Amino acid sequence: MRETDCNFLSRIRCLRNCIRALESLRYTLSQEYLRTLVLDGARGGRQRCGVVFVIMSRLRSQSRPRAKKGSSGTPLNSARQADALDKRTRKGRNAVALMALCAALLVLAYSQRDAIRERRLEALSLPSLREMESQGGTDTIVSYLYARRLADTDAIAEAVQPIARAVASLSAPKDPGLAARVFSLAGYIAARQGDIHRAEDCIQRATTVRKGDVYAFLAKGILAIQRNQAIDAVNALTEATRLDSTCEEAWNRLGAAYMLGKEPEQAIEPHRRAVALAPRNPQPHADLAEAYSASKQYDEAAREFQAAANLAPQDAMFSSLPAMDLALRARTEAEYKQAVRLLAAAISEHPDAGRLYSFMAGLHMRFGRYDDARKDYQTIVAGMPDASEAFYNLAIACERAGNAGAAANARARYQQLTDTMIEATELKREALLHRDDPDIFIRLARVMSRAGKKEEVIRDLEQASRLRPNDPSIRNALQTIRAAGHAGGSQLPP
């Protein structure tokens, strides 16, 4: 038994002794009120402070004590005696009411002990929570708070293990609200990780316990966006913003849902709210700029692109946004030259940013510089041999530049990658219908290997290994591919 439980029981015993001491006093208030209060608190504190108001109303409704009368009907007690008796009676009633109030507060504190502890732990820093969580045990609140703090700092991969421990410790939850929050956060983290089945399971368990947690609706919105279901995403994320109007992620994802539904004008306001909540975060500025650009508000878009670049000058994804924006909007020869100059500077600063070459190649194509576009597309496919769209664009650039042979080779590679992805899509649909068949995942891994997608090959082989743990060929292939720098299709099991 924990120390808090022992303290509570000792206080209950003390209160019970006080009740027994009051049994000899002839007050209108019975000991049964206090006894009911204690029993209700022990069963979960459903009535809690409401019992106190019943007690106080009963006390106030009592009439003043009547003076005894003689046979002639004249009072036997003097006015002074009656006042003294009245004062003693009021004093006794106030003492009982005060004791009832103390008992109610004691029951309320006990029933809310986990919530009080959770609020106290929320004030701790992330290193402190990490240290407490690393000590082991099955402390649901500590694991949940640590995982939530990691998720709030976008450390989703690190939050997987803590939230798993929090879920595992919920075998017999005492607080349904805590269980709902844990399952909601678990569903959100799984959705961010792309684990659709686990996310759906956790969301269902959370909403079964209690509806109305912001992380549950965030997870629903993320899943809907992943499935290109714009209406469902808007509904879920709108509810998330209603539950927590200070959640920057909820507003930003709501804007993304409107953009998915081809409603950029509707997306502007949610992105504005996200920017207002997180002005130092470059992502909401970039997303707001996209909404402005799609709404043909180019001056506002340029301002927000520049704001994002200023907030993250070392990040190629944000620092190159003004150059890419100008490349998309360039209509005159002067704008073309300026965009080329900005993109060239961004490429020299971030030579590994493949999308900069893509923007440069697209800019050259729009202005008829096909040979320059061909060079940029060749750079792209050299770094991303599985980029089917890049091969298609390369074929067009080579064809317009007059190089028929290079165009035919690029088109053949594009067709090969397209056929591979079609086959992969069919296998993924089959894997959803037969989740316990390891052979399907092996075939899917082989297809992903031909497409050069190493991460998907590893994920499919891991699933096959879980379904067939004693197969040495799967285990050896998985080890080889993890150690190699490519998908290694020849190492896959037959």
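The exercises below, each with a worked solution, concern a predicted model of a single protein chain.

**Exercise 1. The chain as a whole**

Determine how many helices and strands the chain has, what share of its residues is buried, and how many disulfides a search of the whole structure finds.

Solution. Begin with the secondary structure, where the chain has 26 helices and 0 strands. Next take burial: of the 494 residues in the chain, 40% are buried. Then turn to contacts between residues at least 6 apart in sequence, of which 50% join residues at least 24 apart. Finally, the search for disulfides across the whole structure returns 0.

**Exercise 2. Two cysteines**

Decide whether Cys202 and Cys247 are buried or exposed.

Solution. The step needs one cut-off, namely that a residue is buried when its relative accessible area is under 20%. Cys202 has a relative accessible area of 2% and is therefore buried. Cys247, with a value of 15%, is buried because this figure also falls under the cut-off.

**Exercise 3. Helix H15 and its partners H14 and H16**

Work out how H15 is oriented relative to H14 and to H16, and which residues make each contact.

Solution. Two packed helices are described by the angle between their axes and the distance between the axes. Start with H14 (residues 264–277), which packs against H15 at an angle of about 160°, with the axes 9 Å apart. Angles over 145 degrees count as roughly antiparallel, and H14 and H15 are therefore roughly antiparallel to each other. Their crossing is left-handed. On the H14 side the contact involves Pro264, Ala267, Ile268, His271, Arg272, Ala274 and Val275, which meet Pro284, His285, Asp287, Leu288, Ala291, Tyr292 and Ala294 of H15. Sorted by class, this contact of H14 with H15 comprises 10 nonpolar, 2 polar and 2 charged residues.

Continue with H15 (residues 282–294) and H16 (residues 298–311), whose axes come within 8 Å and cross at roughly 160°. That angle makes H15 roughly antiparallel to H16. The crossing of H15 and H16 is left-handed. Among the residues making the contact are Pro282, His285, Leu288 and Tyr292 of H15, together with Tyr298, Arg303, Phe305 and Leu311 of H16. The residues of this contact of H15 with H16 divide into 11 nonpolar, 2 polar and 4 charged.

**Exercise 4. The pair H21 and H22**

Establish the relative orientation of H21 and H22 and the handedness of their crossing.

Solution. The axes of H21 (residues 370–383) and H22 (residues 388–400) come within 9 Å and cross at roughly 150°. It follows that H21 and H22 are roughly antiparallel to each other, and their crossing is left-handed. In the contact, residues of H21 including Tyr370, Tyr377 and Ile380 meet residues of H22 including Phe391, Leu394 and Cys398. By class, the contact of H21 with H22 contains 10 nonpolar, 2 polar and 2 charged residues.

**Exercise 5. Arg450 and Lys454**

Place Arg450 and Lys454 in their helices, and state how accessible Arg450 and Lys454 are.

Solution. Arg450 belongs to helix H24 (residues 438–450) and is partly exposed, with a relative accessible area of 41%. Not counting residues up to four places away in sequence, Arg450 touches Thr420 and Glu423. Its C-alpha atom lies 8.3 Å from that of Leu417, a residue 33 places away in sequence. Lys454 lies in helix H25 (residues 454–467) and is partly exposed, with a relative accessible area of 26%. The C-alpha atoms of Lys454 and Ile481 are separated by 7.7 Å, although these residues are 27 apart along the chain.

Notes:
Residues numbered from 1 in each chain as written. Predicted model: local features only at pLDDT ≥ 70, side-chain atom pairs only at ≥ 80, totals over all residues. Heavy atoms only, no water. Helix = DSSP H or I, 4+ residues; strand = E, 2+ residues; numbered from the N terminus. Buried < 20%, exposed > 50% of the residue type's maximum accessible area, 1.4 Å probe, protein only. Axes fitted to C-alpha atoms, helices over the stretch in contact; angles between N-to-C directions. Parallel < 35°, antiparallel > 145°, perpendicular 65-115°, else oblique. Left-handed = near helix turned anticlockwise from the far one by under 90°. Contact = heavy atoms within 4.5 Å. Nonpolar A, V, L, I, M, F, W, Y, C, P; charged D, E, K, R; others polar. Disulfide = S-S within 2.5 Å.
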